[in-house]
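User: Could you take a close look at one part of this model for me, namely how the second chain is put together and what it touches? I'm in my first year, so please explain the terms as you go.

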Amino acid sequence: MERAEEILRILEDNAKVSPKEIAEILDMKEEEVEEIIKKLEGEKVILKYKTLVNWEKLGVEEVYAIIDVRVNLTREKGYDDIAKRIAKFPEVHAVRLVSGEYDFQVVVKGKSLKDIAFFVAEKISTIPEVRDTVTHFVLRTYKEEGVLLFEDEEDRRLAIVP
Amino acid sequence: MKKIGGLQLSRKVNEKVANLKPSGIRRFFDLIIGREDVISLGVGEPDFPVPWKIREEMIYSLEKGITSYTSNQGLPELRNAIAEYYEKFGFKPDPDRIIVTTGVSEGIDIALRAIINPGDKVIIPEPCYVSYEPLSILAGAEVVKIPTTPDFKPRYEDLVKVGKAKAIIINYPNNPTGVSYSQKDLEEIADAAIELDAIIISDEIYSELSYTFKHTSIASLNGMEDRVVVLNGFSKSFAMTGLRIGYAIAPDEIFEAMLKIHQYCMLCAPVTAQIGAIEALRNGESDLERMRAEYLRRRNYFVRRLREVFEVRMPDGAFYVFPKINANSEEFAERLLFEKNVAVVPGNAFGECGEGYIRCAYAVSMEKLKEAADRIVDFAKRIG
């Protein structure tokens, strides 16, 4: 288990590191690493390998919005049921049950503000259990998945030091 | 007034300084300047920036206008924190015997100047950090170097052979070899120091970067606290290199002598750095662990790769590996730089017995380290 955790920590940071390199880093056999990764994939501990892209740099427009959703619970429908229903929309990037004034935080990804406005009005608000929503458009992202999306902290060290 | 033209200034420079050899590292540095895309494994400095919370504390202190002198010894709060912290290395020093210095470099200098009378012998096991010998010479000592290759550890027999010595300078985990000393190794050195009636100057700057076993301060051995000057600092563990902040823990009389020198030459360590250091000791543990874990991974990877072509002793700590290259180290390093754009430091920069080795610092990203390893292995295979 401990080995699995170490492997996951490396992959979480960089999914491109090969089993051979991981084996070298952790002083293990390559086959052993491959086997553990396969097992973790099978058990759905590893869900997906993804690339974090700074789309803004490429000039590609993407609009994100965070929607606070308050719901009415009924005998038949609890948080899980409502959340699952919301999560199934392809536009929905993330759904989280949160504490505070609202019940869910829903992150929605769309091509334009209009897209998202339409989605909220037509899809989310029309769910019978939804009481009210507040939509916050994301104006700019500075940090995502622990990665800074702005230039910072270049290596200023001298080439040779004692 | 008489005409004074034609004065040869070189004659006026202190003889000891004039005769000092320039650092071997310096020459190599000149070779690198102007070259582009060099992967440098020549940097004895963490590649992480100072953890953000430490920087925040320093920023706040500046905003509050805390920019004045502190007491010569350093902020009492910091000295107390150091005393508490040092318990993890085996003993709890009296905060009144701690001097906050501008890095370990100052610590070595004032420790040597505090104890050396002209002609006193100072034993330096080599390969070692580049400044021990010059600082000893400047303090007026006669330097006795003890080669430690191939296992890089000083032996009892070699130490006591010197006969009479004022001090022994040790550094573990070691720059450039990465080797550290076990309890048994330390006992052997301590026995030799007692036999020689010598003071040990123990540079423990890499104490937090110990991977194979837990670092123990030699001052924690039975009765050794009275004979050891411990030097440590924040440059390597908390990546605070340019902030120049360290400390010395010394026995009473030596402490008094060191403090006098410190007070006249340095007055006090920079207050901003002292405030950062307090935060580092109080809340820096998680950052430390993160960095240590990363260095450990890099060490494992890099040593394995180098072993494809060299004989390499597994380093116990720091972020250096010192492979045996079986070639002239300066030529090797120079060609590696010109042909493969990888900078390493020739082993002879750390003492004659370091000839035939190179120092590679793995304080670069895994990505760069991989590229550097590919190039070094390729180069070594080609030159056979």
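Analyst: Chain B is assigned two domains: domain 1 (3-49 + 286-377) and domain 2 (68-284). Those bounds come from an automatic or database domain assignment. One thing to keep in mind: this is a predicted model, where local features need pLDDT of at least 70, side-chain atom pairs count only at pLDDT 80 or more, and totals for chains, interfaces and linings use all residues. As for bookkeeping, residues are numbered from 1 along each chain as its sequence is written, chains are lettered from A and ligands numbered from 1 in the order in which they are written, and side-chain values use heavy atoms, with hydrogens and water left out.

Back to the two domains of chain B. The C-alpha centres of domain 1 and domain 2 of chain B lie 23 Å apart. Across their boundary, 34 residues of domain 1 of chain B are in contact with 38 residues of domain 2 of chain B (contact means heavy atoms within 4.5 Å). Together, domain 1 and domain 2 of chain B bury about 3000 Å², with 62% of it on carbon and sulfur atoms. Buried area here is the accessible area (1.4 Å probe) that two parts lose on being put together, summed over both.

Now for the polar side of that boundary. There is one salt bridge between domain 1 and domain 2 of chain B, a salt bridge being a side-chain nitrogen of Lys or Arg within 4 Å of a carboxyl oxygen of Asp or Glu. Glu208(B) and Arg292(B) form a salt bridge, with their closest N and O atoms 3.0 Å apart. You also get 18 residue pairs in polar contact between these domains (both at pLDDT 80 or more). A polar contact is a pair of N or O atoms within 3.5 Å; within protein, one must be able to donate a hydrogen and the other to accept it, and residues adjacent in sequence count only if both atoms are side-chain atoms.

Which elements of domain 1 of chain B touch domain 2 of chain B? Helix 1 (15-19), helix 11 (285-306) and strand 10 of chain B each supply at least two residues of that side. Helix 11 of chain B gives the most, with eight residues. Helices (H or I, at least four residues) and strands (E, at least two) are DSSP runs, numbered from the N terminus.

Strand 10 also belongs to an open sheet of three strands in chain B, with the order 10-13-12 and antiparallel pairing. Its edge strands are strand 10 (320-321) and strand 12 (345-346) of chain B, each pairing on one side only. Strand 12 and strand 13 (residues 358-361) of chain B pair in the antiparallel sense over two bridges; two strands pair if DSSP finds at least two bridges between them. In strand 13, Ile358(B) is the bridge partner of Pro346(B).

Finally, the neighbour. Chain B has 30 residues in contact with 15 residues of chain A, and about 1900 Å² is buried between the two chains. The rule finds two salt bridges across this interface. Asp27(A) forms a salt bridge with Arg304(B), the closest N and O atoms being 2.3 Å apart. There is strand pairing too: strand 7 of chain A and strand 2 (residues 42-43) of chain B pair in the parallel sense over two bridges, with Ile160(A) opposite Gly42(B) in strand 2 of chain B.
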